[in-house]
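Please read the points below with the sequence and the 3D view side by side. They are written as a colleague's note for someone who is new to reading such structures.

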Amino acid sequence: MDPDLNSLAVMIPIIAVGGFFAWMIALALSKVYLEKLRLQHGGVDAGAGQEEVRAALEQVRRAVAELAERVDFTERLLAKPGDPARKSV
């Protein structure tokens with residue numbers, strides 16, 4: 001067998017395996033870099049998280065408003081002049 005062909009037969013698998021691992025390393029590094037950029041600029045996912053927080057905050061505001069109405073109602077009942085049934089107790 002020709003020595004040039006022999007060295008080529010050895011180099012092809014080495015280059016293929018090396019290229020595969022280089023590609024995997026490049027993919028991993030690009031994912032890390034893109035995640036870093038996304039976090040720096042507040043990406044799209046951060047907006048989705050903010051929407052969930054806003055919805056929860058709105059729900060809490062509604063609950064507080066309802067409780068405030070109940071407190072107002074109770075204060076009005078207690079501020080009324082008492083009815084005879086309550087005075088006898």
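In which helix do Glu 35 and Arg 38 lie, and how many residues apart are they? Both lie in helix H1, 3 residues apart, about one turn of the helix.

1. Basis of the note. This is a predicted model, in which local features need pLDDT of at least 70 and side-chain atom pairs count only at pLDDT 80 or more, whereas totals for chains, interfaces and linings use all residues. Residues are numbered from 1 along each chain as its sequence is written, and side-chain values use heavy atoms, with hydrogens and water left out.

2. Confidence. The mean pLDDT of the protein chain (pLDDT is the predictor's confidence in each residue, from 0 to 100) is 83, and 82% of the residues score at least 70. Among the elements, H1 has the highest mean, 88, while helix H3, which covers residues 84-87, has the lowest, 60.

3. Fold elements. The protein chain has 3 helices and 0 strands (helices are DSSP runs of H or I with at least four residues, strands are runs of E with at least two, and both are numbered from the N terminus). Read from the N terminus on, the order of the elements is α-α-α.

4. Burial and surface. Of the 89 residues in the protein chain, 0% are buried (buried means under 20% relative accessible area, exposed over 50%, and partly exposed in between, with a 1.4 Å probe and protein chains only). The chain exposes about 8200 Å², and carbon and sulfur atoms supply 68% of this area (accessible areas come from the Shrake-Rupley method with a 1.4 Å probe, and for residues only the protein chains shown count as cover).

5. A nonpolar patch. Val 17, Phe 20, Phe 21, Trp 23, Met 24 and Leu 27 form a nonpolar patch on the surface, and together they have about 610 Å² of accessible area. Patches are made of residues with over 30% relative accessible area and no salt bridge, where nonpolar side chains (Val, Leu, Ile, Met, Phe, Trp, Tyr) are joined within 5 Å and like charges within 9 Å. Val 17 is found in helix H1, which spans residues 3-41, and Val 17 counts as partly exposed because its relative accessible area is 46%.

6. The aromatic pair. A search of the whole structure finds 1 aromatic pair (rings of Phe, Tyr and Trp, the last by its six-membered ring, pair if their centres lie within 6.5 Å; planes under 30 degrees apart count as stacked, over 60 as edge-to-face and the rest as tilted). Phe 20 and Phe 21 form this pair, which is edge-to-face, with 5.5 Å from centre to centre and 70° between the planes. Phe 20 is partly exposed at 46% relative accessibility, and Phe 21 is partly exposed at 49%.

7. Salt bridges. The count comes to 4 salt bridges (a salt bridge is a side-chain nitrogen of Lys or Arg within 4 Å of a carboxyl oxygen of Asp or Glu). One of them joins Glu 35 and Arg 38, whose closest N and O atoms are 2.5 Å apart; Glu 35 is partly exposed at 36% relative accessibility, and Arg 38 is partly exposed at 27%.

8. Salt bridges in helix H2. The side chains of Arg 54 and Glu 51 meet in a salt bridge at 3.0 Å, N to O, and these residues are separated by about one helical turn because they are 3 residues apart in helix H2, residues 44-79. Arg 70 forms a salt bridge with Glu 66, with the closest N and O atoms 2.8 Å apart, and here the two residues are 4 residues apart in helix H2, so about one helical turn separates them.
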